[in-house]
Each structure stands twice: as C-alpha cells, then as structure tokens.
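Trainee: I'd like a close look at one part of this model and how it ties in with the rest. Could you walk me through it?

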Amino acid sequence: NDTIVQKNVFANYFAYDDGSNEKAYYLLGMPNAPASTAVAFHLNQADTIRGLAIRFANQVPSGEGKLFTINLYQSLGATTQDQKEIHHQDFYKVRYTGDLESFTTYKFDSAIALAAGTYYIGTTQAPNIGADSIYFGFDANTAANANHFFYNVDGYWTPSLVSGTTMLRPIVGSN
C-alpha cells in the first residue's frame, strides 16, 4: 500500500467525463423554442477548435438520423439575446458508432482560431422536439455539470443541477 497510480490522457480534446456513461441526459424542449446545450472549456493559450465529439446514449425509438446544430459561443449571457455566437454549423445527424463506449466526432468545415479564454460549445435542436430529444451519454461518477454544463429550453441559459457530466468533448489542436 505504498503506491498510487493515476492515468492522465493528453489528447486533442477537453473532457470532464471519465469515458464511461452510466446514464443518459436529455432536454425536455418547450413548445416553439429550440433546445440547446453548451459545455464550457478554457484555453490557456491560442488554439484552433475543429469540432465536437459526442457520446450518444441509446434510446427507443432510435435517435439515429435526428438533426441538430453545433454552436460555438464566446459567451452565453443570461438569455439567448445576450449570447455571443462565434460559429454554428447546421444539419448534423445523430450517428451511433456501434460501440457503447465510443464517441461520434463531428468536424467543422474548417478549423476556427481562438484566442486564450473561456468558450462554450454545444448542440441545438429545432423547436417542438418534445419526446424526440437527443439522449447524450451521462457520466454519473464525475460531477462537472454544475460548473461547466448549461442548457437553454426557454430562452434562458441555466447551469445544469443534475450531478454528473454530460459527455460532450470540444476537439482542439491539429487535425
């Protein structure tokens, strides 16, 4: 009992999760309002962002092919009108990898240069999703949502109070 071992992964993405999902996280959309997610990440130096890796949780009926947008924000603000969007790319489709422990990677058409600072990246689904929401993988063992994950279903950005981590990973660095 004289040794402690910890594995540190140095990769081209930011991750608050431990890599395994024990549950699922979804948004219950409001009528006539889009449903959005955003995870915060901080760059200590200038870098490029290339996209977003998402762990989708299986659902019935399947979420395969559901459409969503990926949004990159400089800041969220309190309301949708206050947010400062840098980039968005429309019409990505939910794709399952076939492996319950894998992420699906969505790349932007071109890399986006970012200065050092805090940014937010996430997804938006069209209004009136109701029970047709996308189910994201949810790491119940790592509690990062309260400080890093936000949702918006009614025009207001709100930090998630669900203890755990929604599995969205910003992809940065070289290709």
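Trainee: In what sense do β2 and β7 pair, and over how many bridges? Please stay with that part and work outwards from there.

Mentor: Bear in mind that this is a predicted model. β2 and β7 pair in the antiparallel sense, over seven bridges. If you want a spot to start from, find A35, which stands opposite Q125 in β7.

Now zoom out to the sheet. β2 and β7 belong to an open sheet of six strands, whose order is β5-β4-β7-β2-β9-β10, with antiparallel pairing. Its edges are β5 (84–93) and β10 (158–159), each of which pairs on one side only.

Back on β2, take a look at T37, which is found in that strand. T37 counts as buried because its relative accessible area is 0%, and the cut-off for buried is under 20%. Leaving aside its neighbours within four places in sequence, T37 is in contact with I121, G122 and T123, among others. The list of T37 contacts also includes L27, F136, L168 and the aromatic residues F149, F150, Y151 and W157.

Two of those names lead on to a nonpolar core. F150 and W157 sit in a core that also includes L76 and Y120; but before that one, look at the largest core, which has 28 residues. Within the largest core, I49, F68 and I121 touch the most other members. At least two residues of this core come from each of β2 (35–43), β3 (47–54), β4 (67–75), β6 (104–114), β7 (117–125), β8 (136–139) and β12 (168–172). So both strands of your pair are on that list. The core with F150 and W157 is a second, separate one, made of seven residues.

I49 is a good one to click on. Not counting residues up to four places away in sequence, I49 touches F41, L72, F108, A111, I112, L114 and I121, along with P170, I171 and V172.

F136, one of the T37 contacts, takes you to β8. There, F136 has Y25 standing opposite. Y25 fits into the pairing of β1 (residues 23–25) with β8, an antiparallel match joined by three bridges. β8 is also joined to β11 (residues 165–166), again antiparallel, through two bridges. The bridge partner of D139 in β11 is T165.

β2 turns up once more at the largest pocket, which has a volume of about 440 Å³. The lining of this pocket takes two or more residues from β2 and from β12. There are 18 lining residues, and V9, A11, Y13, F14 and A15 lie nearest the pocket centre. By type, the lining divides into ten nonpolar, three polar and five charged residues.

While you're at β12, check R169, which lies in that strand. It's a charged side chain, yet R169 counts as buried, at 9% relative accessibility. Among its contacts, not counting residues up to four places away in sequence, are Y13, F14 and A15. R169 also touches D17, G19, G51, L52, A53 and F103.

One last stop is beyond the edge strand β5: V94, in the loop between β5 and β6. V94 is buried too, with a relative accessible area of 2%. Its contacts, again not counting residues up to four places away in sequence, include F68, Y106 and I134.

Terms used:
Residues are numbered from 1 along each chain as its sequence is written. This is a predicted model: local features need pLDDT of at least 70, side-chain atom pairs count only at pLDDT 80 or more; totals for chains, interfaces and linings use all residues. Side-chain values use heavy atoms; hydrogens and water are left out. A nonpolar core is a set of buried Ala, Val, Leu, Ile, Met, Phe, Trp, Tyr and Cys residues joined through side-chain atoms within 4.5 Å. Buried means under 20% relative accessible area, exposed over 50%, partly exposed in between (1.4 Å probe, protein chains only). Helices (H or I, at least four residues) and strands (E, at least two) are DSSP runs, numbered from the N terminus. Contact means heavy atoms within 4.5 Å. Two strands pair if DSSP finds at least two bridges between them. On a 1 Å grid over the protein atoms alone, a cavity is a set of points where a 1.4 Å probe fits but cannot get out, and a pocket is an open set with protein on both sides within 12 Å along at least five of seven lines; lining residues have an atom within 4 Å of a point. Grid points are joined across faces, edges and corners, and a volume is the space filled by probe spheres set on the points.
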